[in-house]
Amino acid sequence: MKHILTHRKIIEYLEAEGPKNTHEIGDYLSSYHSGKTGSKSNKQFNQPIQVLINIMRRKPFCKSGYDAVKRVQIWAIKEE
């Protein structure tokens with residue numbers, strides 16, 4: 001599966017913090033730093049918003065609301 005590491009980081013973040021909107025998830029991923037140094041240190045987690053939305057359309061995520069002020073979706077982990 002493409003973007004599997006990003007997918008795992010989003011799951012960990014939502015389990016720890018609860019439901020968050022798309023921009024908050026993007027800010028978390030862009031501020032995450034891997035152990036690498038140089039130009040490729042944060043490349044895999046620094047994705048555009050549309051890529052994040054495509055990743056979050058997969059299995060464990062569900063839309064839990066809409067933030068009318070920022071005009072973005074609020075995402076959560078699906079309860080089974």
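A residue counts as buried when its relative accessible area is under 20%. In this predicted model, 32% of the 80 residues of the protein pass that test. Keep the word "buried" in mind, because residues under 20% come up at many of the stops below.

**Stop 1: the whole chain**

Start with a cartoon view. You should find 3 helices and 3 strands. Follow the chain from the N terminus and the elements come in the order α-β-α-α-β-β.

Now colour by pLDDT, the predictor's confidence. The mean over the protein is 82, and 81% of the residues reach 70 or more. Among the elements, strand β1 (residues 20-21) has the highest mean, 92, while α3 has the lowest, 86.

One more thing to know before zooming in: take the contacts between residues at least 6 apart in sequence, and 51% of them join residues at least 24 apart.

**Stop 2: the sheet**

Select the three strands. In what order do they sit in the sheet? The order is β1-β3-β2, in an open sheet with antiparallel pairing. That leaves β1 and β2 as the edge strands, each pairing on one side only.

Zoom in on β1 and β3. These two are joined over 2 bridges, in the antiparallel sense. Pick Asn 21 and look across to β3: its bridge partner there is Ile 74.

Then move to the other side of β3. Here 6 bridges join β2 to β3, again running antiparallel. Click on Phe 61 and you can find its bridge partner, Ile 77, in β3. Together β2 and β3 make a hairpin with 4 residues between them. In that turn, select Arg 71, which has a positive phi of about 60 degrees.

What holds paired strands like these together? In general, strands of a sheet pair through backbone hydrogen bonds.

**Stop 3: helix α3**

Select residues 49-56, which form helix α3, and show side chains. Its buried residues are Leu 52, Ile 55 and Met 56. Turn the view until you look straight down the axis of α3: the buried residues fall within an arc of 90 degrees, so they line one face of the helix. There is a handy rule behind this kind of view: an α-helix has 3.6 residues a turn, so residues three or four places apart point the same way.

What do the buried residues of α3 pack against? Show the rest of the chain again and you will meet α1 (4-17), α2 (22-31), β2 (61-67) and β3 (72-77).

**Stop 4: the core**

Next, show these side chains as spheres: Ile 10, Ile 11, Tyr 13, Leu 14, Ile 25, Leu 29, Phe 45, Leu 52, Ile 55, Met 56, Phe 61 and Trp 75. These 12 residues make up the largest nonpolar core. The elements that give two or more residues to this core are α1, α2 and α3, and the largest share, 4 residues, comes from α1.

Pick Ile 10 and see who surrounds it. Setting aside neighbours within four places in sequence, Ile 10 is in contact with Ile 25, Leu 29, Leu 52, Ile 55, Met 56 and Phe 61.

**Stop 5: a lysine in α1**

Stay in helix α1 and click on Lys 9. Is Lys 9 buried or exposed? Its relative accessible area is 16%, so Lys 9 is buried. Not counting residues up to four places away in sequence, Lys 9 touches Tyr 28, Leu 29, Tyr 32 and Phe 45.

**Stop 6: two stacked rings**

A search of the whole structure finds 1 aromatic pair. Select Tyr 13 and Tyr 28 to see it: the rings are stacked, 4.2 Å centre to centre, with 10 degrees between the planes. Tyr 13 lies in helix α1 and Tyr 28 in helix α2, so the pair ties together parts that are 15 residues apart in sequence. Tyr 13 is buried, at 12% relative accessibility, whereas Tyr 28 is partly exposed, at 25%.

**Stop 7: back to the start of the chain**

Finish with His 3, in the segment before α1. With a relative accessible area of 25%, His 3 is partly exposed. Leaving out residues up to four places away in sequence, His 3 touches Gln 47, Val 51 and Ile 55. Draw a distance line between the C-alpha atoms of His 3 and Gln 47: these residues are 44 apart along the chain, and the separation is 9.8 Å.

Methods:
Residues numbered from 1 in each chain as written. Heavy atoms only, no water. Buried < 20%, exposed > 50% of the residue type's maximum accessible area, 1.4 Å probe, protein only. Arc of directions from axis to C-beta. Contact = heavy atoms within 4.5 Å. Core = buried A, V, L, I, M, F, W, Y, C linked by side-chain atoms within 4.5 Å. pLDDT = per-residue confidence, 0-100. Phe/Tyr/Trp six-rings, centres within 6.5 Å; stacked < 30°, edge-to-face > 60°. Pairing = 2+ DSSP bridges.
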